[in-house]
Amino acid sequence: MLSVINRRTLLQTQRRFSISHKVCALRAPTAKDEEVLMDLLNNRKGAIINDPEILKKYNSDWSGQYIGKSPIVVRPKTTKEVSSIMEYCNSEKIGVTPQSGNTGVVGGSVPIKNEVILSMEGLNEIISFDEDNGILYCEAGCILQTLQDKVSSDYDHLVPIDLGAKGTCMIGGNFATNAGGQYFFRFGSIHANVIGIEVVLPNGNILDLMTSSRKDNTGYDLKHLFIGAEGTLGVITKVGLTCPRLPRARNTVFLACNTFDDVLKTMSCAKEELGEILAAYEFMDKEVLDQVASEKKIPIVNEDGENYRFCVLVETQGSNDDHDNSKMESFLEMTMENGHVIDGVMAQDLSQVHEMWEIRESCNPVIKSQGCNYKYDLSLPMKEYYDIAEEMRERLSSRTDIMVVNWGHVIDGNIHLNIITPGKFDVDQEVKDLIEPYIFESVVKRGGSISAEHGLGQCKNNLLGIYAKNDRVLSVMQNLKTFFDPNGICNPGKFLPTKATP
Ligand SMILES: Cc1cc2nc3c(=O)[nH]c(=O)nc-3n(C[C@H](O)[C@H](O)[C@H](O)COP(=O)(O)OP(=O)(O)OC[C@H]3O[C@@H](n4cnc5c(N)ncnc54)[C@H](O)[C@@H]3O)c2cc1C
């Protein structure tokens, strides 16, 4: 309640602040710098990329919306190499953009100007797995899916993070963005599962914040500062992560509801009836299902062969099949009897489980191919979760060429609201002006957050002081930045505001 009041007050007052952290003028890397960096990487073949064609991939984000101008990518293989790169760039005042899988959707992983791109793809070793405590230790450049596969097949545990970009994103990128994903409700955020990290500071110092203990109350818990800092305070090079046992029982169902109120009532019933085994509750509206249907078969449709108004994917994870099945049966009986669920299907084997998840995970890539996407990753109070989508439809009703499509982690109050101009891939300023800042103001008035899980990057950094944090909080953040990165070389122009609040 308190935070709701604060955010509302914030919007009403909109105080001014000055950009207090001092940023030195950074310079572009030259051919001479390239030589030094190559030397620091032991003249290893492929350690530096400067071919303009290959550079394009590193200079462009997943959506193609943010394009950088970096002339050079460095690809270290060890923490020591990361350290010497940072030390050199800091002494020469050259900006560095850490990049992992480059799947971020707020433009954090591509340079704004000509910063050196520090690719983490070479730091990809799984160091060890502590089977007694269920702790994974690995380098930051490991691909999330590789970790998931290894931990489940070799150790019978699971990685408590899962998201649609798992085949490309890296664990260090997940830590740097404090990625949420579909099992956030079940396992909590990365802050809840981190055991330790190793981080290279902008001056090249290596900070060992790794531990082997689950409990450790000695001193300030510094590791948390780097989680979600989007590479602005240092480069994460190793992580330690708690991993729960693989569930022995897993049930996945795809259900249809007529109204959003039914979606919420069904969720409430799932919490009550499925209790401790409820692992995920994901939502998609008809508008997004209609798009996904062009590439994937939706498992339930109405009598006319059309997608239902809303569908939810519900998953349970537990240790006893009989126990879980009986709970799932009673949940389904209850929701169908009271009419909140009108149709449904249960996965019969693992391949059907994957098919259901593929539908949910296809939402993002499928709509990307339809046209320009105006993406909003919002947190909202549960009762107002879908109102924002209806409100935006109403606001944009004069533009019949626009679609508002939605999906999200409804159980966490997190909606992915996407506005699309089908067939038109360039940003339409008239559409953008109709959406922003209206949408942010509406979210803050409702007590929500303008960035639930994707972060700020270069997309929302200048909104931080307007719609999220007050002057005093912002000033502490800026002092922290100055303390860790006095020259401002680490991911410049991202995360913190670069413009004063209007
Ligand atoms: C299809 C799709 C689905 C997605 N689903 C979700 C979802 O469900 N939940 C969610 O939270 N996000 C989701 N995302 C967004 C994205 O995948 C996450 O933000 C992810 O954690 C980014 O990881 P990455 O390895 O790609 O990092 P990058 O995109 O390379 O980097 C992201 C940020 O972290 C910084 N960074 C990267 N590595 C390091 C490092 N080692 N040390 C310090 N800073 C670093 C970068 O500078 C940048 O600011 C999705 C994206 C796509 C394309």
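Visitor: Which residues is Y281 in contact with, leaving aside its neighbours within four places in sequence?
Guide: This is a predicted model, where local features need pLDDT of at least 70, side-chain atom pairs count only at pLDDT 80 or more, and totals for chains, interfaces and linings use all residues. Residues are numbered from 1 along each chain as its sequence is written. Contact means C-beta atoms, placed from the backbone, within 7 Å. With those neighbours set aside, the partners of Y281 are F185, M267, A270, V312, V314, V410 and I411.

Visitor: Between which domains does the largest nonpolar core lie?
Guide: A nonpolar core is a set of buried Ala, Val, Leu, Ile, Met, Phe, Trp, Tyr and Cys residues joined through C-beta atoms within 7 Å. Buried means 20 or more other C-beta atoms within 10 Å of a residue's own, these atoms being placed from the backbone. The largest core has 65 residues, and Y281 is among those with the most contacts inside it. Two domains (bounds from an automatic or database assignment) both give residues to this core, so it lies between domain 2 (249-359) and domain 3 (364-445).

Visitor: Which element gives the most to the shell around the ligand?
Guide: Around the ligand are 38 residues, counted when the C-beta atom, placed from the backbone, lies within 6 Å of it. Elements are DSSP runs: helices (H or I, at least four residues) and strands (E, at least two), numbered from the N terminus. Those giving two or more residues include β3 (96-99) and β9 (235-242). The top contributor, with five residues, is α6.

Note on methods: A residue is buried if 20 or more other C-beta atoms lie within 10 Å of its own, exposed if 12 or fewer, and partly exposed in between; C-beta atoms are placed from the backbone. Two residues are in contact if their C-beta atoms, placed from the backbone, lie within 7 Å.
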